[in-house]
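The following exercises, each with a worked solution, introduce a single protein chain. Please examine the sequence and the structure before attempting them.

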Amino acid sequence: MTLRVAQIGTGNVGRHALAALITHPDYELTGVWVSSDAKAGRDAGDLAGLDVHTGVQAVTDLDEILAAKPDCVVYTALADHRLPEALEDYRRILAAGVNAVGTGPVFLQYPWDVIPDELITPLTDAMAAGGSSLFVGGIDPGFANDVLPLALAGNCQSIEQVRCMEIVDYATYDSATVMFDVMGFGRPLDEIPLLLMPGVLSMAWGSVVRQLAAGLGLTLDGLEEMYLREPAPEDFDIAAGHIPAGSAAALRFEVIGLVDGAPAVVLEHVTRLREDLCPHWPQPAQPGGSYRIEITGEPSYALDLCLGSTRGDHNHAGLVATAMRVVNAIPAVVAAEPGLRTTLDLPLIAGVGRYAAP
């Protein structure tokens with residue numbers, strides 16, 4: 001059955017999602033929403049970087065997208081610095097009876113006990129009124145720290161700790177807003193960026209810890225968070241801009257789920273802007289970066305997930321993976337009962353229709 005799908009946002013992740021919608025035979029593209037007038041009126045194929053003409057022109061009005069009555073929208077608009085607007089977008093989409101999959105805000109992966117109920121209730125009310133469903137995921141938060149650790153945990157006799165790690169060089173991640181304004185790279189170490197304000201780490205990645213705990217049948221005492229930042233030894237440049245000597249150039253943080261005071265579920269990020277920074281911190285399994293799952297128990301497991309691409313580096317591969325996690329989930333989300341759906345209640349997403357002969 002062909003599903004009618006619209007794309008919201010055509011940035012670093014959205015353009016890959018859009019290309020996937022255009023090229024998949026089971027999806028019919030009904031519309032594309034963009035945030036800038038410069039992109040408005042351009043063909044979807046052009047925005048996706050494809051040499052095809054779809055006849056679907058980008059618009060800046062969400063009402064036009066909803067008027068086409070798609071079965072689902074793919075929401076990849078940047079949400080980290082515009083949370084109220086993103087939540088209102090979702091509310092309007094879901095209340096209109098349109099299902100949604102998205103890559104943010106990341107706490108919607110599993111929001112319970114992560115964000116206040118007053119932020120969740122308008123969405124659940126909209127889903128109930130519209131008979132619609134919502135699924136938010138990606139590679140992290142998402143597949144690298146929900147499907148994989150839970151699959152490994154299913155082969156344990158006992159579990160002491162589950163630790164999920166991202167160990168990545170972000171030098172080629174080309175988003176000044178995320179790198180400088182949200183994460184605080186290139187800023188003085190005494191300047192606290194949005195990500196490191198009290199409680200924000202637990203809001204952003206608490207969904208990972210809470211969902212893993214729920215999947216393991218654990219009741220957490222609560223969450224703790226910690227971080228370390230290290231300065232640039234000299235001036236250098238990254239894709240997003242300039243990093244002055246002495247400014248933040250490496251970040252390590254943890255969000256820790258406690259059971260009886262012990263760290264039972266841990267989400268850890270090790271982020272560098274050069275591979276030679278902080279050599280004593282955990283190192284990736286491949287140059288550039290990888291994801292790692294460590295389960296301490298009987299038996300114990302260590303799994304490294306290495307992303308690659310013929311079209312770019314590890315960061316490019318991560319953007320494609322983030323897009324495809326939600327695009328490939330569309331049929332399952334459309335078929336699901338109305339409500340906020342998570343990895344814990346969706347079927348295995350197996351990439352149906354994605355085989356491409358070499």
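## Exercise 1: Backbone geometry in the loops

Lys69 is located in the loop that runs between α3 (62-67) and β4. The model is a predicted one.

Task: Determine which sign phi takes at Lys69, and state which residues are joined by the cis peptide bond that involves Pro105.

Solution. Step 1: Most residues other than glycine have a negative phi, and most peptide bonds are trans. Step 2: Lys69 has a phi near 55°, which is a positive value in a residue other than glycine. Step 3: Gly104 and Pro105 are joined by a cis peptide bond, with omega at about -5°. Pro105 belongs to the loop between β5 (99-102) and α5. Step 4: Another cis peptide bond links Asp140 to Pro141, where omega is about -5°. Pro141 sits in the loop between β6 (133-136) and α6 (147-153).

## Exercise 2: The seven-stranded sheet

Task: Give the order of the strands in the open sheet of seven strands, and identify its edge strands.

Solution. Step 1: Strands of a sheet pair through backbone hydrogen bonds, either parallel or antiparallel. Step 2: In this sheet the order is β3-β2-β1-β4-β5-β6-β15, and the pairing is parallel. Step 3: β3 (58-59) and β15 (339-341) are the edge strands, as each pairs on one side only. Step 4: Within the sheet, β1 (residues 3-8) and β4 (residues 72-75) are paired in the parallel sense over four bridges. Gln7 has Val74 of β4 opposite to it.

## Exercise 3: The six-stranded sheet

Task: Describe the open sheet of six strands, and state which strands stand at its edges.

Solution. Step 1: The strand order is β8-β11-β12-β7-β13-β14, with mixed pairing. Step 2: β8 (222-231) and β14 (301-305) occupy the edges with a single partner strand each, so one side of each has no neighbour in the sheet. Step 3: From one strand to the next, the twist averages 10°. Step 4: β13 (residues 289-298) and β14 run antiparallel and are joined by five bridges. Ile293 stands opposite Leu303 in β14. Step 5: Helix α8 (residues 200-215) packs on this sheet and touches β7 (158-169), β8, β11 (248-259) and β12 (262-272). The direction of α8 makes about 130° with that of β8.

## Exercise 4: Two helix pairs

Task: Classify the packing of α4 with α5 and that of α1 with α9 as roughly parallel or oblique.

Solution. Step 1: Two packed helices are described by the angle between their axes and the distance between the axes. Step 2: α4 (residues 83-95) and α5 (residues 117-130) pack at an angle of about 15°, and their axes are 7 Å apart. Angles under 35 degrees count as roughly parallel, and therefore α4 is roughly parallel to α5. Step 3: The crossing of α4 with α5 is left-handed. On the α4 side, Leu87, Tyr90, Arg91, Leu94 and Ala95 meet Leu119, Pro122, Leu123, Ala126, Met127 and Gly130 of α5. By class, the residues of this contact are nine nonpolar, one polar and one charged.

Step 4: For α1 (residues 14-23) and α9 (residues 314-327), the axes come within 8 Å and cross at roughly 50°. This angle makes α1 oblique to α9. Step 5: α1 passes α9 in a right-handed crossing. His16, Ala17, Ala20 and Leu21 of α1 make the contact with His316, Leu319, Val320, Ala323, Met324 and Val327 of α9. The contact of α1 with α9 has eight nonpolar, two polar and no charged residues.

## Exercise 5: Annotated domains

Task: State which residues each UniProt domain annotation covers.

Solution. Step 1: An unreviewed UniProt entry places "domain: Dihydrodipicolinate reductase N-terminal" at residues 4-74. In the model this span is 28% helix and 24% strand, and its end C-alpha atoms lie 11 Å apart. Step 2: The UniProt annotation "domain: 2,4-diaminopentanoate dehydrogenase C-terminal", also from an unreviewed entry, covers residues 145-351. Over residues 145-351 the chain is 24% helix and 33% strand, with the end C-alpha atoms 18 Å apart.

Key
Residues numbered from 1 in each chain as written. Predicted model: local features only at pLDDT ≥ 70, side-chain atom pairs only at ≥ 80, totals over all residues. Heavy atoms only, no water. Axes fitted to C-alpha atoms, helices over the stretch in contact; angles between N-to-C directions. Parallel < 35°, antiparallel > 145°, perpendicular 65-115°, else oblique. Left-handed = near helix turned anticlockwise from the far one by under 90°. Contact = heavy atoms within 4.5 Å. Nonpolar A, V, L, I, M, F, W, Y, C, P; charged D, E, K, R; others polar. Pairing = 2+ DSSP bridges. UniProt positions renumbered as here; feature names shortened; annotations may be inferred.
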